[in-house]
Amino acid sequence: MTQAELRLCSLLLQEHFGEIVEKVGNSLLRTGPRPLRLLVGDTGLLPDQVKKALCVLIQHSLVRYEVQPRGSVEYEARSERILRILRYPRYIYTAKTLYGDPGELLVEELLLHGHLPMSCAVARVADRLTETMEDGKTMDYTEVSSTFVRLADTHFIQRCPIVPESPRNSKVPPAPAPALAIAESDMYVVPRLSLVGKGKRRHSCDEEEEGENKAKRQKQEGGSSETPPDDGIYWQVNLERFHQHFRAQALVSAVASRMDQVCGFPLHSHSGAELLPLSFLLFPIQTSSEVVRTMLRMSEVTTASGASHTQPLSSNEIFRSLPAGYNIGKQVLDQYLALLADDPLEFVGKSGDSGGGTYTVKVTWGPGASWAPPSPFPHPSLIPLLLHSFGSRCARIFRLLLRKKHLEQKQVEDFAMIPAKEAKDMLYRMLSENLVSLQEIPKTPDHAPSRTFYLYTVNVMAAARMLLHRCYKSVANLMERRQHEMRENKRLLEKSQRVEAILASMQATGAEAAQLHEVEEMITGPERQQLENLKRNVNKIDASENQVDETIFVLESFIESTMKRP
């Protein structure tokens, strides 16, 4: 783990879980798997504090544990899972786009609590939706439950592993820590629950205090609330399914940018052969991307997250699954599929001739794949970096090496039309940053410099790792800048919150407009302007974090798919 990743993980843990959890997580990230005793000694915290911190981390799947042969239990931090916290807003926004407000809040609640039973998640979301409705309107549990079932059916949420049942008469002593497991066939099975009810609004302060006192009395008397019907069945967000959806979106965008045109579909290939008849212009322009989107939608549940291709689909199945708005004939669809299969980037591959022809979509990123969003890697991410850090001439050399693969320094000078001194300096600068690499090809076994070819080439993996490291560092800097802005304006933010609370209570009691205006004047004009500047700056920082995370996702997907190649 690099220092940039360690720093970013520590900042994410501190921002979302507090200092104690951050200290425990940081210790595990630095030292690797450790038992509880060593963890207590390293952090300097009380044993109870370390245990509670580990419970929080395990609850959110940020730490795993393993029983060692001698019986001790070691805890290990999952750095890749901690870094996914940065992507939580994108997961929530995707759920909102696909399933509306209930889907958004269900995913948010599951991410906020780590894992929850279905009944608890539905009740929480129904209450939150009821709060946003007009007086007299409530959210029914059945509507939220149906959204929960749709999320499970499309594998965006999944069951958590559970402790397997052991025989009652077993004489085997229990393990120091339970081994959690779940059958793959049960991961997305929703229990049949009759959740009847409606969302509730928050009560007043007096009613809340009375309810808390009543709950305390029940606890002291030994009473307990009714056990939920799905007790012991917990659900969590399937992050890999969201990543699969993101890759599918990128693939559809890549197909649209290459195959579809705003002004019309290309009628002839580069060789002059006719690709599509003029009648194709009468059909929707985005037909190629819609065909790929339909294929991805049909195989979204059956395709594994790490698979290089989707499951084979016949032309007849694809034709029946096209949206109603795309009224194209079967023959036209076959021509589109043939065009996609014959494209050099190989978005779609033909795997057989049964059922009118069977086709798959290639979803792998990396050297094994001939595409990456929105154009072949690494142009979209590296070229802006080169322009900003090294200038346009370095970017020209980099593009040249990408196209020509291997070039000598003299060839770089000639092709890029750059003076020898400047080309040499730029190549050495990019070599020091691991953007390019130097390969020696000797003519003789003695490796004499005068009889050796020195070829420059682009080391794509090294460049991707370098850019990923810079992205981690950039996000950490953005987070520290946001925390600095909040600290500098802490008193003003607290004052603004107090004024808003006073206004809310006065509005609830029916105060007059003059009284409300008098309270609003407690914040002066310069203070109000300062609050607006703070809000604008924080929004820019948040947007920048999301944009950098999109680049991180592309780079991580590229590196992961490359490492999986045999």
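**Note on salt bridges and a strand hairpin**

1. Within helix 11 (residues 287–298), E290 and R293 sit three residues apart, which is about one turn of the helix. In this predicted model, the two side chains form a salt bridge whose closest N and O atoms are 2.6 Å apart. The partners differ in their surroundings, since E290 is buried at a relative accessible area of 9%, whereas R293 is partly exposed at 35%.

2. A salt bridge also links the side chains of E480 and R7, with an N to O distance of 2.8 Å. Because E480 belongs to helix 18 (residues 460–488) and R7 to helix 1 (residues 3–17), this pair ties together parts of the sequence that are 473 residues apart. Both partners fall in the intermediate class of accessibility: E480 is partly exposed, with a relative accessible area of 34%, and R7 is likewise partly exposed, with a value of 26%.

3. The side chains of R128 and E108 meet in a further salt bridge, for which the N to O distance is 3.3 Å. Here R128 lies in helix 7 (residues 118–132) and E108 in helix 6 (residues 88–113), so the contact ties together parts that are 20 residues apart in sequence. R128 counts as partly exposed at 30% relative accessibility, and E108 is also partly exposed, its relative accessible area being 24%.

4. The pairs described above should be read against the total for the model, in which the count comes to 23 salt bridges. Beyond separate pairs, there is a network of salt bridges that links E15, R482, D542 and E545. As general background to such contacts, side chains of opposite charge can pair when their charged atoms come close.

5. Turning to the strands, strand 2 (residues 63–67) and strand 3 (residues 73–77) run antiparallel and are joined by five bridges. One pairing that can be checked directly in the structure is that of V63, whose bridge partner in strand 3 is A77. The two strands form a hairpin with five residues between them, and in the turn G71 has a positive phi of about 105°. For a reader inspecting the side chains there, it is a general point that in a regular strand they alternate between the two faces of the sheet.

Note on methods: Residues numbered from 1 in each chain as written. Predicted model: local features only at pLDDT ≥ 70, side-chain atom pairs only at ≥ 80, totals over all residues. Heavy atoms only, no water. Salt bridge = Lys/Arg side-chain N within 4 Å of Asp/Glu carboxyl O. Helix = DSSP H or I, 4+ residues; strand = E, 2+ residues; numbered from the N terminus. Buried < 20%, exposed > 50% of the residue type's maximum accessible area, 1.4 Å probe, protein only. Pairing = 2+ DSSP bridges.
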